[in-house]
Amino acid sequence: MEIKKSPKADLEKGKMTSLLMGMVVGLAILFVAFEWSNRDVQVAQDQGVADVIAEEQIEITRPENTPPPPPPPPAPVVTEVLNVVEDDVDLQQQDIVTSEDNQKAAQTQTYVAPKVVEEEEESSQPIFTVVETMPQFPGGDAALLQFLAKSIKYPVIAQENGIQGRVICAFVVNRDGSIVDAEVLRGVDPSLDKEALRVINTMPKWSPGKQRGKPVRVKYTVPITFRLQ
C-alpha cells in the first residue's frame, strides 16, 4: 500500500526560505556591530584630546610678583684735606722743560757730516813688475815648488801623446796678497796650459810686494814644468 504525504506537512518546502532569512539577520547584526565599534573609537579619541588640552591648560602658570631688589648703599663721602702753607716757608723751585726748549736747542746745534773715507779701487792701482820688496809665496820658493808638485795633475791626453814641456804663467799679486789675472805667456799644449792656470788660481795668498814701505800690485811670473818619467 503506497503512503501519501500531505503538502502542508512537507518540511523541505520552507527550509530554503528559513536559511535566507537567517543569513539576512546575521548580516544585519554584523553591520550594526561594526557601526557600534567605530563610534566607540571616535568617542575615546575625542575624550583623550580633551584630557590633553585640559592638562596643558592646568600647567600654564603666571609669574608671581617679586619685590624689587634693595637699593645699593650710598657711596662714602671723601673729604679733601687742604694743607695751608704759610708765606714764610721757602719752596723748592723746579725747572720745567717743554718740547719747545728742546726744539730750540736742536736748531742751535750744527750738523757735522761723517767723514767719508775714499777707498781706492784695486783695479785702478798701477801694476809694478819690479819693486823694492817682491811678493813671496808663504814659506818661500821651496814651498812654492812643493805646492806645484803636489797640486799638478798630469793630463791623461798629454801622457798618452807623450807631450811635455814648460808652461810660463804670469799673474798679479794684489795689495792683500790675493792672486788675480792669471794668464799663459808661453804654452806647450792646451791641456797642459789649462792645468797650469788651474793650479795658479788655487794658490793661497802671498806676501804682497812693497814699494817705499807700502803694499802695491806686482805682476809675477812662474814657470811650471811638465815632465814624463
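Me: Why is Phe-171 called buried?
Reply: Buried means under 20% relative accessible area, exposed means over 50%, and partly exposed lies in between (1.4 Å probe, protein chains only). Phe-171 has a relative accessible area of 0%, so it is buried. A word on the source: this is a predicted model, where local features need pLDDT of at least 70, side-chain atom pairs count only at pLDDT 80 or more, and totals for chains, interfaces and linings use all residues. Residues are numbered from 1 along each chain as its sequence is written, and side-chain values use heavy atoms, with hydrogens and water left out.

Me: How do you know that Tyr-220 is buried?
Reply: The relative accessible area of Tyr-220 is 18%. That is under the 20% cut-off, so Tyr-220 is buried.

Me: What makes two rings a pair?
Reply: Rings of Phe, Tyr and Trp (its six-membered ring) pair if their centres lie within 6.5 Å; planes under 30 degrees apart count as stacked, over 60 as edge-to-face and the rest as tilted. This rule gives six aromatic pairs here.

Me: Why is the pair of Phe-137 and Phe-147 called tilted?
Reply: Their ring centres are 5.6 Å apart, which is within 6.5 Å, so they pair. Their planes stand at 40°, neither under 30 nor over 60, so the pair is tilted.

Me: And what makes Phe-171 and Tyr-220 a tilted pair?
Reply: Here the centres are 5.9 Å apart and the planes are at 40°, so this pair is tilted by the rule above. The pair links distant parts of the chain, with Phe-171 in strand 2 (residues 165–173) and Tyr-220 in strand 5 (residues 214–226), 49 residues apart. Strands are DSSP runs of E with at least two residues, and helices are runs of H or I with at least four, numbered from the N terminus. Both pairs belong to one aromatic cluster of Phe-137, Phe-147, Phe-171, Trp-206 and Tyr-220.

Me: How do you know that strand 2 and strand 3 pair?
Reply: Two strands pair if DSSP finds at least two bridges between them. Strand 2 and strand 3 (residues 179–186) have five bridges, in the antiparallel sense, so they pair. Among the bridge partners are Cys-169 and Val-184, the latter in strand 3. In the hairpin of these strands, with five residues between them, Gly-177 takes a positive phi near 90°.

Me: How many helices and strands does the chain have?
Reply: The chain has five helices and five strands, in the order α-α-β-α-α-β-β-α-β-β along the sequence.
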